[in-house]
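Biologist: I am new to this structure and would love a close look at one part of it. Could you take me to a single loop, and then show me how other spots in the model compare with it in kind?

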Amino acid sequence: MRTVEVLFVIVILLGAFVITTQFAVLPSPSQAFGTNLRELSQSTLETLDAQGTLSETVFKDTSDPAWGDLQKAISASLPPNVVYNLSVYDLSADSQGVITYQLANSISDAGFGADSDASSLMLTSPNVTFTQDPQKVGESTGQPITLYILNCSDANGWWITGYTGQSLASDLYGLLSPYFTTTVLINTTDQLGLLLENSTSLEGTIQNAVVVNTFGESVPIPDDYCDGGSHDDEGFDPSHDVDGTYAKYFHTLGSLTRQYNWTWVSIVGYPFYYVTNTEYFVSDQNTYGIYGMEDVRTAGVNAFLQGLDGASYSYDETGTASGVGVVQLTSEALELCNYYGVYPAPYQTSSRALTQSIESNYHLDRFATVFELKSGRIAGATFRHQDGSGALTAIGLTRIPDIRVAALALLMYYRPTIYRSEFGASGTSRLVTLQLGQQGGT
Amino acid sequence: MAGATIDHIISVTILIAALLVAMTTYNHMFATAVDYDRNRQVATKAADLMNTICLSPGNPTDWGETDTSLLGFGLQDPEAGGYALSPYSIMRLRASNSSGDSQLVYYSKTGLYYNNISANYGNSILIPIGDCVNYTTATELLGINKTYGFRVDITPTLDISISQVAVSPPHNHLILKVEVRGSGLPLSDATLNYYLFQVESGGGGSYPSIKAYSGVEQTDSSGSVLIEFDEVHESNDPYSFTVYASLSGVNGVGHYSYDTVDGLELVVPFIQDFDQGTVIIAHSFDVHNYTETPVPEVKYNATFFVLNQNFQLQEVQIENSTGHLVYGEGWPYFTTQLPASEVGLLFVSYRRDANRMGSVILPWGIGTLGVSVSFGGDPTGYDFVATELRQVIINGISYQVKVSAWKLGS
């Protein structure tokens, strides 16, 4: 009886073994890898085109002897047990922009077995030059806009750790100047004074201009607007804070932004938190050891927004910005990153996001929202007054600043068109695929 | 009762036997699976190593052009990108032979050992061993120290062989046969840019000079071509011949030289400072164990040729281009300085007497003379070695890079 039971057990064991071996078909350990044909193919295409030879050949007529040379060159490059098929496709686009691929030529040396892989390379004709011309901001309305970048040598930055205002100005110039008819660097606070006074001695057109403050949370201030200066009634408020405050200067900036229809850009941090002038505030520092500046704190942005709103100055210390942590680019921003070729990290940390209530308090409309709103706060956007006069672009991110975010915000706001050569135009681009197969053992 | 006991014994015996058979079979299956998985890890590691070595310039990115210590290992040319390797970084690798051993050269007048990257034609790139990156450092920087072994073999794609063709009297001029082969196949219709530098005595006791011949030829259907030099005597005139072959994006280089110094190579160039491009020109008796007495004195003439992207050689003036080398203590070596950022060939012609002359070439950048380099450990004895193959460009010359990887320990 026991023997019969054991025989049952053995039958079950054998059955389990047979079923297992049916399903668990393990390859031989030596088959753990084969030649990486895709990478070999990719490197072959790239090296053949290293000096542009492949690009020249694939655009030639199929009867040209260069095709025969290419065949010999590929055969000479690949190991003897590797066979290939090189196919060239012509790209063409119809009126609706739909691109089609049509086989232009194909060369090969043998048929393929089971083991093959391929890679491709897009080649452009050596006879075609692709260009990319941006439309100038304001060009479509017949009113070209001037870009003023604050590059004051007598000012210090804050919340721009790792950079100086001047280095950021240089980077910004490189990023944005192609989009503006005129770009002017404001190199001193005295020159900034000329800008504020609408002086004709400055290059460019002050009306409708874009003014970018590259000094982070601090804003350069001319001597004349400091206590004791000829315009100190427009810059200094002696009746508030301990020894007076420069919140009034920011009210003046807001009013001028409204008057001249500027777009004022704060590239990072809490907007209008300090004023800076290294010659006037020689012994004043921002409590973090950065001399040449004095704090205005939370009253600064409120005063600016009052000025932008056309309201009279009223000292207001209400906190308008605070941290919301990690924020992500809006889908609109991501799309325009591709369009303009500007790629900041899609996730950023915001420690100075403006509250949404400023829109109703100061009659602002929000445009070009860079980051998704979080907790009722806006980490990056452009706020234009409902009168259509003046705007503020504020990027409330933490340091270290990424100047590309500010550039993206401006481009999102103005949306200049980029005129590109058509890559899909017939005869300008060809797709080359090289399929490799391995014959024999690995 | 006895029947039940026997029944139990038989059933238990059969059961144990069945279990043993099943366990053995499953063990074999598991072992196969474990081996497969381990081998796949090695194959993946080989691909990772290949990508790191070929597609990363290392850190600092220009480490191949300086004497600075290395923080990250990679051989990509930082200026070219893609599958282009730096001709300089490869020169700083402590080369090894097929057994993974290094071949060092000692020069008594500097007291230094030099890494020896040998070209196929007897010429060498000799770099102070202290400036080279060794295998252990590379494995540490690649994060595989004591876990994986690897080896990199960098070889030219095209094989160009050159031989002298015998001529029958009354003819005595030089005829060279150039044969270009790809991957086992002759390469027909390849364009050849060639340069022949004939070493001339210069007369009296003066320094040797060179007379240059250059031209363009094309290989025939058998991948070969005969090139004749009517003004060069086939056996009396020493010369150095370099040819660059190209066809549809595949490029190679070949070299051949002929000396009249009875088999003794009398001048050895050493790289003294990689950063500055300074080169020592030494008497070979201070380097090799030659025994001839009296030791011959040698006069040399050094010329540097920059190789441009069209495979044209352009002569560049260098300091101490001529010198009188004497063996032994009290006789210093000469130094010259090359334009370190330009790849090219340092051509040193030398003269023992009016009838015995020769030449030696120091390639500055390994691609200029199609030098092969092997770097890394010896895979011999390991059960499973994964290999990766890629095509690369080194200063315009087509190369193939093979990376082998294997698992260390059990």
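Modeller: Happily! Let us begin at Lys146(B), which sits in the loop of chain B that runs between helix H2 (135-141) and strand E5 (148-156). Please keep in mind that this is a predicted model. The backbone at Lys146(B) has a phi near 70°, a positive value in a residue that is not glycine. Is Lys146(B) buried or exposed? Lys146(B) counts as exposed because 10 C-beta neighbours lie inside 10 Å, and the cut-off for that class is 12 or fewer.

Chain A offers another example of a positive phi. Asn198(A), a residue other than glycine, has its phi near 60°. Its setting is again a loop, here the one between helix H6 (189-196) and strand E7 (210-213) of chain A. Asn198(A) is exposed too, since 12 other C-beta atoms are found within 10 Å.

Back in chain B, the surroundings of our loop are worth a glance. The secondary structure of this chain consists of two helices and 23 strands. Chain B has 410 residues, and 43% of them count as buried. Taking the contacts in chain B between residues at least 6 apart in sequence, 66% link residues at least 24 apart.

Other loops of chain B hold cis peptide bonds. One of these bonds leads from Asn59(B) to Pro60(B), with omega near -5°. Pro60(B) belongs to the loop that connects helix H1 (2-55) with strand E1 (84-85). Another cis bond goes from Pro169(B) to Pro170(B), and its omega is near 10°. You will find Pro170(B) in the loop between strand E6 (159-164) and strand E7 (173-181) of chain B.

To finish, let us leave the loops and visit a sheet in chain A. Strands of a sheet pair through backbone hydrogen bonds, in either a parallel or an antiparallel way. In this open sheet, three strands follow the order E8-E10-E11 of chain A, and the pairing is mixed. Strand E8 (218-220) and strand E11 (293-295) of chain A form the edges, each pairing on one side only. From one strand to the next, the twist averages 25°. E8(A) and strand E10 (residues 274-276) of chain A run parallel and are joined by three bridges. If you would like a pair to look for on screen, Ser218(A) has Tyr274(A) in E10(A) as its bridge partner.

Technical notes
Residues are numbered from 1 along each chain as its sequence is written. Chains are lettered from A and ligands numbered from 1 in the order in which they are written. This is a predicted model: local features need pLDDT of at least 70, side-chain atom pairs count only at pLDDT 80 or more; totals for chains, interfaces and linings use all residues. Helices (H or I, at least four residues) and strands (E, at least two) are DSSP runs, numbered from the N terminus. A residue is buried if 20 or more other C-beta atoms lie within 10 Å of its own, exposed if 12 or fewer, and partly exposed in between; C-beta atoms are placed from the backbone. Two residues are in contact if their C-beta atoms, placed from the backbone, lie within 7 Å. Two strands pair if DSSP finds at least two bridges between them. Axes are lines fitted to C-alpha atoms, for helices over the stretch in contact, and angles run from 0 to 180 degrees between N-to-C directions.
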